[in-house]
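Please examine the sequence and the structure shown below. The paragraphs after them lead from the confidence of the model to its core, a buried residue, its cavities and its largest pocket.

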Amino acid sequence: MSVALGTTRPLPVRTTPVRDPGNLLASLPRTAPYAWVRHGEGLVGWGEAARAEVPPGPGRFTWARRWLSAVFAGATVDDAVRTPGSGPVAFGTFTFDEDAPGSTLVVPQAVLARKGGQAWLTTIGEDPPLETFTPLADPGRISYGDGSLTAPEWEHVVARAAQRIRDGELEKVVLARDLLATAEHPIDVRLLLIRLARRYPECYTFSVAGLVGATPELLIRRTGQEIESLVLAGTTPRGTGPADDLARGRALLASAKDRHEHECAIASVRQTLAPLCSSLRTPDEPELMVLPNVQHLASHVSGRLADGASVLDVVAAMHPTAAVGGTPTRTAIRVIRELEGMDRAGYAGPVGWIDAHGDGEWGIALRSGIVEGRQARLFAGGGIMGDSDPTAELAEAQAKFRVMQYALEG
């Protein structure tokens, strides 16, 4: 059911404690699953109590906040759990480019959650959806084809971007590329989610409106007035063995190019969050985040909001970060539009959930793809600096594609 702004009707909402459901993702029915899971905790949902296609443009987050306020204000809530993520919850995905259509908010009819030793079920409506679980379906053989650009064409784009940086037009730009995957049989999103969560437990495995992936990057978490963010910028592929892996990690920490890229990303987050916070803490030095396919430079940021801003207010202020756009941001977005040669859709845009109290978790939709039927459009990218080598940047993107390729192939 779609609910337009200004025409919402009251939603009867009931949240009750339940026994530990085990694997949340294994509880999902096949039809249009919603998910946000890390280390086995999080939320999964199905059905649609309300849905909105957010109009593109600079006012899209304001429109989304108004729509959510109308939906949540009209809900009659019986919440026996009273914790972030209980009561009515909306899952959302916003396109990277504010002018691109495709941003979506959905309030599922049913949400099953587990967090901090608690588990609960939220249902909406007089007759909650009773979905029948069906066995997971393997997509069969997967074939791949070029996306918007071939590999050599994308290397040429990287070289052009690096030259513009050396010419002083900007400091950094993040360029992405896509890869088209075609399966022998319709792709079961649940299977992708289970594989991603099993192999990448440190990441946030998500599914919203066809956008599926496992992102290592937490854009923002709001719990009351406390906020947290994880900034990733600077990447190297994993090594061929323990010694090579260790050497690559040390080289990444010592890399002037990657450290500068990371400093740009931290400065962007600090500049954005400082006006919203009464206190803000950023580390002096990054640490290594080691994933099965790559290593990242990572910095944990935390703070306390100065007023009652919701998590979506903070998302609106932060997107796009330098980690997925570039520095300066407006110049980088213009260069992306000129050079990249594709529509990113939800890739590198905000994805996550928000509850009626303004709490929630939103990540940046990296290591992801858009799934429809037998087709999946996969995305990957990296930060380009003045001394970036196109061949190395292509190899980094290929390493990032492996996340979704593993999900498809097993």
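What follows is a guided account of the interior and the open spaces of this structure.

The coordinates come from a predicted model, so confidence is the natural starting point. The mean pLDDT of the chain is 93, and 97% of the residues reach at least 70. Residues 1–8 have a pLDDT below 50; beyond near neighbours in sequence, this stretch makes 18 contacts in the model. Where pLDDT is low, predicted coordinates should not be read in detail.

The interior may be approached through the largest nonpolar core, which has 124 residues. Val44, Phe91, Val173, Leu175, Leu312 and Trp362 are the members that touch the most other members. Helix H8, spanning residues 390–409, contributes the largest share of this core, with nine residues. Leu312 can serve as an example of how distant parts of the sequence meet. Once neighbours within four places in sequence are set aside, Leu312 is in contact with Phe61, Ala64, Arg65, Leu68, Phe94, Ile354 and Trp362. Trp362, one of these partners, is also among the core residues that touch the most other members.

A second residue to follow is Ser299, which belongs to strand E18, residues 294–305. Is Ser299 buried or exposed? Its relative accessibility is 2%, and Ser299 therefore counts as buried. Apart from residues up to four places away in sequence, Ser299 touches Ser229, Leu230, Val231, His262, Ile266, Pro283, Glu285 and Pro286. With Ser229, the sequence separation is 70 residues, while the C-alpha to C-alpha distance is 8.4 Å.

Three of these contacts of Ser299, namely Ser229, Leu230 and Val231, reappear in the lining of a cavity. How many cavities of 30 Å³ or more does the structure hold? There are two. The second largest has a volume of about 40 Å³, and its lining consists of Glu217, Leu218, Leu219, Ser229, Leu230, Val231, Val269, Thr321, Ala323 and Ile364. Strand E14 (218–223) and strand E15 each give two or more residues to this lining, and E15 gives the most, with three. By class, the lining comprises seven nonpolar residues, two polar and one charged.

The largest cavity encloses about 190 Å³ of space. Among the 20 residues that line the largest cavity, Leu232, Ala323, Leu366, Gly381 and Lys400 are the closest to its centre. Ala323 thus links the two descriptions, for Ala323 lines the second largest cavity as well as the largest cavity. Strand E15 (226–237), strand E23 (375–384) and helix H8 each supply at least two residues of the lining of the largest cavity. E15 gives the most to this lining, with four residues. Here the classes are eight nonpolar, six polar and six charged residues. H8 therefore appears both in this lining and in the nonpolar core.

The final feature is the largest pocket, with about 630 Å³ of space. It is lined by 27 residues, of which Glu98, His319, Pro320, Thr329 and Arg330 are the closest to its centre. Two or more lining residues come from each of helix H1 (60–73), helix H5 (256–273), helix H6 (311–318), strand E19 (326–327) and helix H7 (329–339). The lining of the largest pocket divides into 11 nonpolar, 10 polar and six charged residues.

Methods:
Residues numbered from 1 in each chain as written. Predicted model: local features only at pLDDT ≥ 70, side-chain atom pairs only at ≥ 80, totals over all residues. Heavy atoms only, no water. 1 Å grid on protein atoms, 1.4 Å probe; cavity = no way out; pocket = protein on both sides within 12 Å on 5 of 7 lines; lining within 4 Å. Points joined across faces, edges and corners; volume = space filled by probe spheres on them. Nonpolar A, V, L, I, M, F, W, Y, C, P; charged D, E, K, R; others polar. pLDDT = per-residue confidence, 0-100. Contact = heavy atoms within 4.5 Å. Core = buried A, V, L, I, M, F, W, Y, C linked by side-chain atoms within 4.5 Å. Buried < 20%, exposed > 50% of the residue type's maximum accessible area, 1.4 Å probe, protein only.
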